Amino acid sequence: MSAPVHLDSVDLHILELLRADGRRTVRDIARLVKLSPAPVRRRIARLEESGIITGYTITTDQAKLGQGLQAVTELRFTGDTDIHDIVEFASTLPEVDEVLTLTGDVDALVRLHVDSVDDLQKVVNRLRRKGVGVLQTKTLIVIDSWQRGTPMP
């Protein structure tokens, strides 16, 4: 693990602004943090080079893409299952958006998007049957969600 990078209040403000809108211009950020564009550009470059900013991404409306059902599936595995195998298998399924490996009773959480409850059942069955060492699953359907940096629903 690398050592933490020291960030001042301006760096933190820049990160907050970019989290809210990754397409925000340097000029706009400079105005909001009360600096000129050149030092803001240097700060952003430093945040990228140090690995704090790891990329820029978009968010999508899954319902408009025809995948209106979001779910989280808890996975429990046999005690000798390698965590890497869990992630490797789940990541092969196109419906899977994210895999979180955990400590405690649940070994992993799989966040996924599907078109329907029928499709959800098919994905969960694939996780159960073809997942290495899967002992048990529990699936929860998401009613609504919110993510930091996005408007409230």
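## Helix 5

In helix 5, the buried residues are Leu120, Val123, Val124, Asn125 and Leu127. The model is predicted. These buried residues pack against strand 1, helix 4, strand 3 and strand 4 (134-141).

Helix 5 is 14 residues long, and its first and last C-alpha atoms lie 20 Å apart, close to the 20 Å expected at 1.5 Å a residue.

## The nonpolar cores

Leu120 and Leu127 of helix 5 also appear in the largest nonpolar core, which has 18 residues. Together with Leu112, they have the most contacts inside that core. At least two residues of this core come from each of strand 1 (69-77), helix 4 (83-90), strand 3 (108-114) and helix 5 (117-130).

Apart from neighbours within four places in sequence, Leu120 is in contact with Leu69, Ala71, Leu112, Val114, Thr139 and Ile141. A second core, separate from this one, has twelve residues, among them Val10, Ile14, Val33 and Leu47.

## Helix 2 against helix 3

Val33, listed in the second core, is also one of the helix 2 residues that meet helix 3. On the helix 2 side the contact includes Val26, Arg27, Ile29, Ala30 and Val33; on the helix 3 side are Pro37, Val40, Arg41 and Ile44. By type, the contact residues are seven nonpolar, no polar and two charged.

The axes of helix 2 (residues 26-33) and helix 3 (residues 37-49) are 9 Å apart, and the packing angle is about 105°. Angles of 65 to 115 degrees count as roughly perpendicular, so helix 2 and helix 3 are roughly perpendicular to each other.

Methods. Residues are numbered from 1 along each chain as its sequence is written. This is a predicted model: local features need pLDDT of at least 70, side-chain atom pairs count only at pLDDT 80 or more; totals for chains, interfaces and linings use all residues. Side-chain values use heavy atoms; hydrogens and water are left out. Axes are lines fitted to C-alpha atoms, for helices over the stretch in contact, and angles run from 0 to 180 degrees between N-to-C directions. Helices (H or I, at least four residues) and strands (E, at least two) are DSSP runs, numbered from the N terminus. Angles under 35 degrees count as roughly parallel, over 145 as roughly antiparallel, 65 to 115 as roughly perpendicular and the rest as oblique. Contact means heavy atoms within 4.5 Å. Ala, Val, Leu, Ile, Met, Phe, Trp, Tyr, Cys and Pro count as nonpolar, Asp, Glu, Lys and Arg as charged, and the others, Gly among them, as polar. A nonpolar core is a set of buried Ala, Val, Leu, Ile, Met, Phe, Trp, Tyr and Cys residues joined through side-chain atoms within 4.5 Å. Buried means under 20% relative accessible area, exposed over 50%, partly exposed in between (1.4 Å probe, protein chains only). The expected span of a helix is 1.5 Å times one less than its number of residues.
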